[in-house]
Amino acid sequence: MSDGRTDSAPSPAPGPRIHRRETAEVTGLVERARRGEGGALVVHGEAGIGKTVLLSAAAEEGEAAGVRVLRAAGAEFAMEMPFAALHRLCAPLLGLADRLPPAQRAAVLVALGLADGSAPDQFMVGLAVLGLLSEAGGERPVACVVDDAQWLDRGSAQVLAFVARRVGSDPVAMLFAVRDLADAPELGTLPRLAPAPLDDAEARALVAAAVRAPLDERVREQLIAEAGGNPLALLELPRTLGPAGLAVPLRRPAARVSELLERSFRDRLRALPEPSRLLLVLAAAEPLGDPLLLRYAARLSGIALSAAEAAESAGLLTVDARVRFRHPLVRSVAYRDASPADRRRAHHALARAIDPDRDPDRRAWHRAQAAEGPDEEVAAQLERSADRASRRGGLAAAAAFLERSTHLTPDPGRRAVRALSAAQAMHEAGASENTGPLLETAAAGPLDDLSRARLLQLRGRVAFALHRDDDAPALLLEAAARVAAHDTALARDTYLEGLWAATGAERNGDANSIRAAAAAARKGPAAPTPPRPSDLLLDGLALLFTDGPRAAAPTLRAAVDAFGDATDPRWLPVACRAAWDLWDHQALEDLSTRCVRLADESGALSLLPLALNFQAVAATYAGRFVDAAAMTERAHAITEATAGASAPYSAIVLAAHRGDREQTRLLSETSLRRAEAHGEGGFVTIIEYAAAVLHNGLGAFETALEPALQAAGRSLLFWSAAALPEVVEAAVRTGRTDLALPALDRLAELTGAAGGDWALGVLARCRALLADGPEADRLYTEALQRLGRTPVAVQLARTHLLYGEWLSAQGRSAEGRRHLRQASTMSQAMGADAFAARAGRALRALGERPVVPRPSVTADLTPQETHVARLVAGGATSKEVAARLFLSPRTVDAHLRNIFRKLGITSRRQLRELDLGRSLAGDPDGEAALR
């Protein structure tokens with residue numbers, strides 16, 4: 001096992017100091033960690049520019065100052081091994097694992113292959129690594145130095161990027177080196193540093209220090225020109241020239257620096273004796289850098305250990321406690337310049353040298369690289385390695401093992417099945433864009449009907465992940481039809497998946513794909529007796545999109561009720577959508593809260609952002625804007641942690657109800673780009689709905705009308721229904737009753753089918769807008785009574801506002817003031833600033849100054865600070881809050897210090913005694929909202 005050190009030797013420090021500014025920046029990061037301030041930095045640039053030297057300088061300075069330095073490096077030929085780099089980095093910290101919460105401790109031990117258990121979510125592993133570093137930092141500052149990060153295995157890269165974004169309050173510095181940021185997308189959001197090329201003066205000083213032989217001035221200038229300020233090139237090119245070349249300038253074709261370096265290393269490699277070259281191939285093929293393993297494999301290959309001497313003399317390799325290359329390019333050139341037969345012999349020797357009981361996966365990987373052609377025994381070993389990787393949560397590694405297993409499988413049928421499994425693992429690992437060749441291999445094989453259906457299903461899921469277009473639902477529906485003869489339950493679940501995909505793929509108001517999916521589902525196999533909750537959901541949605549809301553309402557109601565005690569979060573987001581179609585706020589809040597809790601417990605992070613968005617919209621409609629902001633903040637943290645695409649529709653809806661023009665605009669522009677790129681027509685509807693709410697709140701009814709009409713007419717989705725009241729209000733206020741009446745008729749159809757006070761209260765208010773005299777009075781009163789029985793505070797406040805404005809227009813000023821005051825008070829309390837300002841303008845027109853309420857206790861807190869405060873007030877420990885919010889405990893404590901300072905308190909007890917709103921401990925509704 002590696003001790004965590006890099007597998008390439010840093011370039012020797014030349015006489016003149018180079019990269020002074022960059023050195024100060026990387027060492028400064030470590031110095032700040034010594035002071036308790038964590039951070040991360042990605043050093044990026046071409047090969048030889050000095051990245052490794054900079055990381056080494058930071059490490060050496062840190063070690064001299066008592067910092068614990070942890071090292072790891074990516075290896076080009078070991079990217080398939082699950083959490084390989086993470087193991088090298090964290091091995092020295094595993095003695096601290098007992099300090100972690102049990103779930104985190106289990107996750108990291110299973111991921112690193114040190115314990116058995118169910119496959120951990122990799123971001124539970126991330127929390128565990130964050131916790132280990134935080135605990136280690138409590139003993140002394142820590143610096144994590146990760147070289148060649150472009151070659152990290154995917155699991156390690158994602159976990160380390162997750163951790164690097166969250167160490168700001170811990171005495172932990174994280175330094176990464178990478179050639180091209182495009183090759184390490186997980187690190188793309190971290191601070192970065194690009195070492196500058198040396199200027200001419202620095203280059204001349206470096207050449208003078210490195211070259212002691214006589215050097216023709218023209219040769220010097222040629223070297224400096226060719227190196228382009230690259231320090232390694234300036235050190236290496238003179239070696240290639242030799243004494244004769246240093247005396248006489250040579251004409252060489254122009255080339256990139258990386259090509260010059262590779263040529264230099266290749267020339268020196270080819271000048272070695274054959275045994276030394278073969279030893280270098282062995283060393284290059286084994287990324288661990290274990291000298292004992294190298295010696296054993298060399299002996300099995302008939303290579304004498306003295307062969308290393310020539311490579312060391314040439315400055316290409318060092319063998320002591322570690323096997324280290326002069327530079328990663330040496331490793332690459334040594335491996336790629338070898339013949340295929342020599343590479344296979346090297347891997348074969350390494351496979352023989354590895355203990356099959358202690359490291360079966362690495363042995364299987366080397367055997368696969370040594371195979372000359374199809375080999376069922378090796379393919380089967382790789383399949384077992386994939387299974388072990390999956391159990392450790394290493395989906396990317398499992399996909400790589402299965403992909404290689406596919407290529408080595410001689411039997412066409414078995415090869416097709418393995419290709420399908422490899423593509424499935426690749427899709428689940430988040431690499432859907434790479435599944436194409438495997439899906440083609442699977443399709444070319446003799447699959448049975450069930451496997452062929454699985455293939456179609458996977459193609460649909462991949463299409464939905466990459467492009468939310470009509471291909472995805474069509475493929476899923478075809479898969480459902482194929483599987484129906486074999487597995488009714490799977491077929492119905494696939495129909496539901498296809499219908500859900502159709503609602504996400506809808507474009508430009510064309511709802512045909514949704515109706516087609518619903519019609520296909522109704523032709524599929526009937527639900528069993530008794531039906532599962534998902535069966536009721538499928539039948540209810542299919543009826544909704546084919547026969548309309550009145551026909552669907554009873555089945556949808558049964559489905560929503562059936563999901564009330566669900567223990568599997570998979571279909572709960574779809575159930576939330578059904579609750580929305582029923583205008584059932586309580587069910588929406590209950591189901592979204594249950595989905596959040598179950599996803600938290602199971603580690604299903606892919607579901608959490610969607611569940612939190614549903615939950616945040618429910619909180620927004622209830623007027624709990626602070627809770628909604630905390631939920632959207634958490635959803636954003638998860639998508640950032642998982643490098644997922646953010647879909648902040650709840651944040652847009654919240655910003656619109658707050659009347660925040662700039663935030664609504666920024667979020668809408670970002671989301672519109674995503675919607676256009678992925679074909680998410682439903683998201684466009686949300687953006688239009690939010691614009692309508694914003695401008696109606698501001699009183700800009702002409703501006704509100706167009707997006708309201710677009711949203712209301714665009715689709716079959718709930719957001720279109722939610723836009724209908726916006727159409728009625730904007731149209732009435734602009735004198736366009738010809739537009740208001742059709743919208744009211746459609747609203748009556750939807751709300752009449754749903755029933756309930758939310759639906760019928762909004763309908764009564766919209767009818768009141770188009771009524772006169774006593775009828776309008778009666779309808780406004782009915783709307784207030786109905787909405788007053790619901791949690792939907794934003795609609796109640798808006799109804800007071802509209803009723804007050806109408807009463808004022810009728811000359812009933814005293815009654816109008818009463819309702820306008822109520823609208824102002826409610827809107828200000830929840831933070832609906834535009835509606836509050838509109839109510840204030842109406843009150844001032846009646847000669848009354850609006851009352852400005854006392855600021856909320858939490859007014860000065862950020863959304864995340866508010867979330868932390870409420871969880872702590874509810875009795876949660878720092879570690880429990882950290883796990884909930886994907887932070888380290890030290891970061892939670894840092895937030896608490898800010899919270900105490902802003903609130904003028906000094907203890908958690910005082911925090912519990914403050915009125916933080918409905919989310920205090922003892923208020924089950926508020927506590928549930930947080931969870």
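Reader: How much of the 931-residue chain is buried?

Author: Buried residues make up 58% of the chain's 931 residues. Keep in mind that this is a predicted model. By secondary structure, the chain holds 46 helices and 7 strands.

Reader: And which share of the contacts joins residues at least 24 apart?

Author: Take the contacts between residues at least 6 apart in sequence: 69% of them join residues at least 24 apart.

Reader: Let's go to the strands. What is the strand order in the open sheet?

Author: The order is 2-3-4-1-5, five strands in an open sheet with parallel pairing. Strand 2 (68–73) and strand 5 (192–193) each have a single partner strand, so they stand at the edges and one side of each lacks a neighbour in the sheet.

Reader: How many bridges hold strand 2 to strand 3?

Author: 6 bridges join that parallel pair. For a landmark, look at V69, whose bridge partner in strand 3 is A143. Strand 3 (residues 142–147) then pairs with strand 4 (residues 172–178), again in the parallel sense, over 5 bridges. There you can use V145, which has L175 in strand 4 as its bridge partner.

Reader: What packs on the sheet, touching strand 2, strand 3 and strand 4?

Author: That's helix 5 (residues 122–139), and its direction makes about 130° with that of strand 3. Helix 2 (residues 51–64) lies across strand 1 (39–44), strand 2, strand 3 and strand 4, and runs at about 160° to strand 4.

Reader: Back to strand 2, then. Are its residues buried or exposed?

Author: Strand 2 is mostly covered, with 6 of its 6 residues buried. To read a strand, check its two faces separately. On one side sit R68, L70 and A72, on the other V69, R71 and A73, and all of these are buried. So strand 2 is an edge strand with a single partner, yet both of its faces are covered.

Reader: Now backbone angles. What sign does phi usually have?

Author: Most residues other than glycine have a negative phi, and most peptide bonds are trans. With that in mind, look at D148: its phi is positive, about 50°, although it is not a glycine. D148 sits in the loop between strand 3 and helix 6 (154–164). With a relative accessible area of 5%, D148 counts as buried.

Reader: Which peptide bond is cis, with omega about -5°?

Author: The one joining T529 and P530. You'll find P530 in the loop between helix 24 (512–523) and helix 25 (533–547).

Reader: What is phi of W583 near?

Author: It is near 55°, a positive value in a residue other than glycine. W583 lies in the loop between helix 27 and helix 28, and its relative accessible area of 6% makes it buried.

Reader: On to the rings. How many aromatic pairs does the structure hold?

Author: The structure holds 10 aromatic pairs. One of them is W583 with W758, edge-to-face at 5.4 Å centre to centre and 70° between the planes. That pair links distant parts of the chain: W583 is in the loop between helix 27 (572–581) and helix 28 (585–602), while W758 is in helix 37 (residues 757–769), 175 residues apart. Both tryptophans, W583 and W758, are buried.

Reader: How do Y803 and W806 pair, stacked or edge-to-face?

Author: Y803 and W806 are stacked, with 6.3 Å centre to centre and 25° between the planes. They are 3 residues apart in helix 39 (residues 793–809), so about one helical turn separates them. Y803 is buried at a relative accessible area of 5%, and W806 is buried at 13%.

Reader: Which residues form one aromatic cluster?

Author: The cluster is made of W580, F614, Y649, Y689 and W719. Rings can also have a charge over them: here R343 lies over the face of Y335, at 5.4 Å from the ring centre.

Reader: Last one: what should the 14 residues of helix 15 span?

Author: At 1.5 Å a residue, helix 15 (residues 340–353) should span 20 Å, and its end C-alpha atoms are 20 Å apart, which agrees. Its buried residues are D342, A346, H347, A349, L350, A351 and A353. Those buried residues pack against helix 11 (274–285), helix 12 (291–300), helix 14 (328–337) and helix 16 (360–370).

Note on methods: Residues numbered from 1 in each chain as written. Predicted model: local features only at pLDDT ≥ 70, side-chain atom pairs only at ≥ 80, totals over all residues. Heavy atoms only, no water. Helix = DSSP H or I, 4+ residues; strand = E, 2+ residues; numbered from the N terminus. Expected span 1.5 Å × (residues − 1). Buried < 20%, exposed > 50% of the residue type's maximum accessible area, 1.4 Å probe, protein only. Contact = heavy atoms within 4.5 Å. Phe/Tyr/Trp six-rings, centres within 6.5 Å; stacked < 30°, edge-to-face > 60°. Lys NZ or Arg CZ within 6 Å of the ring centre and 35° of its normal. Pairing = 2+ DSSP bridges. Axes fitted to C-alpha atoms, helices over the stretch in contact; angles between N-to-C directions.
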